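Q: Hey, can you help me get a feel for the holes in this protein and how its helices pack? I'm new to this, so plain words please.
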Amino acid sequence: MNMNIAVIPGDGIGPEVTNEAVKVLDAVADRFGHNFYYRNVLAGGCAIDAYGTALPKETLNVCKNSDAVLLGAVGGEKWDTLPGDRRPETALLGLRKELGLYANLRPAMLFSALAESCPLRPELVAGGLDILVVRELTGGIYFGKKATEKKDGVRFAYDVEEYSETEIARIARTAFEMARLRNKQVTSVDKANVLESSRLWRAVVTDISADYPDIKLNHLYVDNTAMQLVRAPKQFDVILTSNIFGDILSDEASQIAGSIGMLPSASLNAGDFGMYEPVHGSAPDIAGLNKANPMAAILSASMMLRYTFKLTKEADAIEEAVKDVLNEGYRTADLASGTDNERILGTAEAGSIIAEYIK
Ligand code: IPM
Ligand code: MG
């Protein structure tokens, strides 16, 4: 199989972790006889520095003409004082919107080797955790009307949370379809006791569920969900939620899964196209120090093989290699628990060992 992949290393630790993901993809290509062609393009702070814009047209075009996008991370202190509409993060939001990537899959798995890294009591996570957050990614408060204005000499600002039933229905279908491949349970998360947009969310999700009689559906308020995630995380299979709630809950889920350095994501359009990126950010404090955990980026590459290229064996091979390496006691600094049999690796070494295990 020949595949064209747009690579957006981005800022901070983005370039380091995407390097390792590419290393691992190359190992997959070798072992299984595929050809991956990469095109590196700029987005985020580095693009602001080079072109004066976070998302250059050229970058968007290369992405549109590729089969999938692999992204590192964007943002950093250097660009934090720019006005909101010129910040590096606008690249991410622009890519999501322009590429129609409304379905964001964020699996939070606790690998058994990392049980020690989970801050919850062992009996709460016995047997491991496997939660899939399905986050709506191109609507809601992220893309609603927003402004800072002056009213009677006083500044005020607003961001509108809004959803159409079409937007809700399609992400609900994604969640139900995903649940079919897993434990057949969807928890839809909203704030329907307060928000009008959440009441529509709940009504539409309930309607769509009629097409999925094999899937068990329940509804939870977002505040309760935040609590349940640390109280009894094993009750969850697929969590279906809006853009902003999904942003928050996926960070929470990442911690109970050991480290945010382990969490991959896929952002999919209505077809097979997707952008794949670690859930973590650009971590400027450790950028360039060969300290970052590349596993979220590597597992994102595995999701790319699974969802865009339908290469299940190859995707499984990456996941197995990550598990094997963890089982051998290899850890990056974020995963260190201080026990004796741990072997601490830098970013590049972690990527190389995972690539070795694949070969
Ligand atoms: C994420 C990030 C982004 C988001 C930021 C960087 C714009 O936190 O992907 O979760 O809020 O969606
Ligand atoms: Mg986030």
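Q: Let's jump in with the second largest pocket. How do its lining residues divide into nonpolar, polar and charged?
A: Keep in mind that this is a predicted model. In the lining of the second largest pocket, 12 residues are nonpolar, 2 are polar and 5 are charged.

Q: And which residues are closest to the centre of that pocket?
A: Pro107, Arg182, Arg306, Tyr307 and Glu319 are the closest to its centre, out of 19 residues that line the second largest pocket.

Q: What's the volume of the second largest pocket?
A: About 410 Å³.

Q: Okay, which helices and strands supply at least two residues of that lining?
A: Three elements do: strand S4 (103-110), strand S5 (129-136) and helix H9 (295-307). H9 provides the largest share of the lining, with 5 residues.

Q: Which domains does the lining of the second largest pocket draw on?
A: Domain 1 (1-103 + 265-359) and domain 2 (119-256) each give at least three residues to the second largest pocket.

Q: Cool. Now the largest pocket: how much space lies in there?
A: About 680 Å³. It has 30 lining residues, and those closest to its centre are Glu89, Leu92, Leu93, Arg96 and Tyr142.

Q: Which helix gives the most to that lining?
A: That's H4, with 6 residues. Helix H4 (89-98) and helix H8 (243-256) each supply at least two residues of the lining.

Q: How do the residues there divide by class?
A: For the largest pocket you get 11 nonpolar, 8 polar and 11 charged residues.

Q: And which domains do they come from?
A: The lining of the largest pocket takes at least three residues from domain 1 (1-103 + 265-359), and at least three from domain 2 (119-256).

Q: Switching from pockets to cavities: how many cavities of 30 Å³ or more are there?
A: The count comes to 1. The largest cavity has a volume of about 50 Å³.

Q: Which residues line the largest cavity?
A: The lining is made by Glu161, Tyr163, Val189, Asp190, Ser197, Ser198, Trp201, Ser242 and Phe245. Strand S8 (185-190) and helix H6 (196-209) are the elements that give two or more residues to that lining.

Q: Which one has the largest share?
A: H6, with 3 residues in the lining of the largest cavity.

Q: And what's the mix of classes in the cavity lining?
A: There are 4 nonpolar, 3 polar and 2 charged residues around the largest cavity.

Q: Time for helix packing. At what angle do H9 and H10 cross?
A: Roughly 160 degrees, with the axes of H9 and helix H10 (residues 312-327) coming within 7 Å.

Q: Why does that make H9 roughly antiparallel to H10?
A: Because angles over 145 degrees count as roughly antiparallel, so at roughly 160 degrees H9 is roughly antiparallel to H10.

Q: Is the crossing of H9 and H10 left-handed or right-handed?
A: Left-handed.

Q: What about H10 and H11, at what angle do they cross?
A: The axes of H10 and helix H11 (residues 347-358) cross at roughly 120 degrees and come within 9 Å. H10 and H11 are therefore oblique to each other, and their crossing is right-handed.

Q: One last pair: how do H1 and H9 pack?
A: Helix H1 (residues 14-32) packs with H9 at an angle of about 45 degrees, and their axes are 8 Å apart. That makes H1 oblique to H9.

Q: And is that crossing left-handed or right-handed?
A: H1 passes H9 in a right-handed crossing.

Key:
Residues are numbered from 1 along each chain as its sequence is written. Chains are lettered from A and ligands numbered from 1 in the order in which they are written. This is a predicted model: local features need pLDDT of at least 70, side-chain atom pairs count only at pLDDT 80 or more; totals for chains, interfaces and linings use all residues. Side-chain values use heavy atoms; hydrogens and water are left out. On a 1 Å grid over the protein atoms alone, a cavity is a set of points where a 1.4 Å probe fits but cannot get out, and a pocket is an open set with protein on both sides within 12 Å along at least five of seven lines; lining residues have an atom within 4 Å of a point. Grid points are joined across faces, edges and corners, and a volume is the space filled by probe spheres set on the points. Helices (H or I, at least four residues) and strands (E, at least two) are DSSP runs, numbered from the N terminus. Ala, Val, Leu, Ile, Met, Phe, Trp, Tyr, Cys and Pro count as nonpolar, Asp, Glu, Lys and Arg as charged, and the others, Gly among them, as polar. Domain bounds come from an automatic or database domain assignment. Axes are lines fitted to C-alpha atoms, for helices over the stretch in contact, and angles run from 0 to 180 degrees between N-to-C directions. Angles under 35 degrees count as roughly parallel, over 145 as roughly antiparallel, 65 to 115 as roughly perpendicular and the rest as oblique. A crossing is left-handed if the near helix is turned anticlockwise from the far one by less than a right angle, and right-handed if clockwise.
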